[in-house]
Amino acid sequence: MKKYIVQVTLTQESHFDVEIDADDYEQAEKLAKDGVWEDDYTDEIRWSLEITDEHYECNVVECEDCLETYDVFEDECPECLERKENE
Ligand SMILES: [Zn+2]
């Protein structure tokens, strides 16, 4: 087995209602937005979070011999190959 590096990209959506005391709907929306960015709704965001898209991409593998990382499409580790050629 080898050690691979996989880049995980998740697109997540969150929908929830909050009660806001405000003078009008625009202020209510602004206060809700402030709450999101001031981390007032971290629990709501956590429980309502849904993964809507996911992507997994593995481009890099770690060489077992020299521990350098290299492109998965290379047959051999370029570092070790170079070393062998220089021997
Ligand atoms: Zn190597």
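This passage walks through the fold of a predicted protein chain, from overall shape to strand pairing. The model being a prediction, local features need pLDDT of at least 70 and side-chain atom pairs count only at pLDDT 80 or more, while totals for chains, interfaces and linings use all residues. Numbering starts from 1 along each chain, as its sequence is written.

Overall, the protein chain is anything but a compact globule: its radius of gyration is 24 Å, where a globule of 87 residues would come in near 12 Å (taken over C-alpha atoms, with the globule rule being 2.2 Å times the number of residues to the power 0.38). The C-alpha trace spans about 80 × 20 × 20 Å along its principal axes. Just 1% of the 87 residues count as buried, meaning that 20 or more other C-beta atoms, placed from the backbone, lie within 10 Å of the residue's own.

On the secondary-structure side, there are three helices and three strands, laid out as β-α-α-β-β-α from the N terminus. These are DSSP runs numbered from the N terminus (H or I, at least four residues, for helices; E, at least two, for strands).

The three strands make an open antiparallel sheet in the order E1-E2-E3, with pairing called when DSSP finds at least two bridges between two strands. Strand E1 (3-14) and strand E3 (69-71) sit at the edges with a single partner strand each, so one side of each has no neighbour in the sheet. On average, neighbouring strands here are turned by 45° against each other, direction ignored; the axes are lines fitted to C-alpha atoms, and angles run from 0 to 180 degrees between N-to-C directions. Strand E2 (residues 49-62) is joined to E3 by three bridges, running antiparallel, and Val-61 stands opposite Tyr-70 in E3.

Note on methods: A residue is buried if 20 or more other C-beta atoms lie within 10 Å of its own, exposed if 12 or fewer, and partly exposed in between; C-beta atoms are placed from the backbone.
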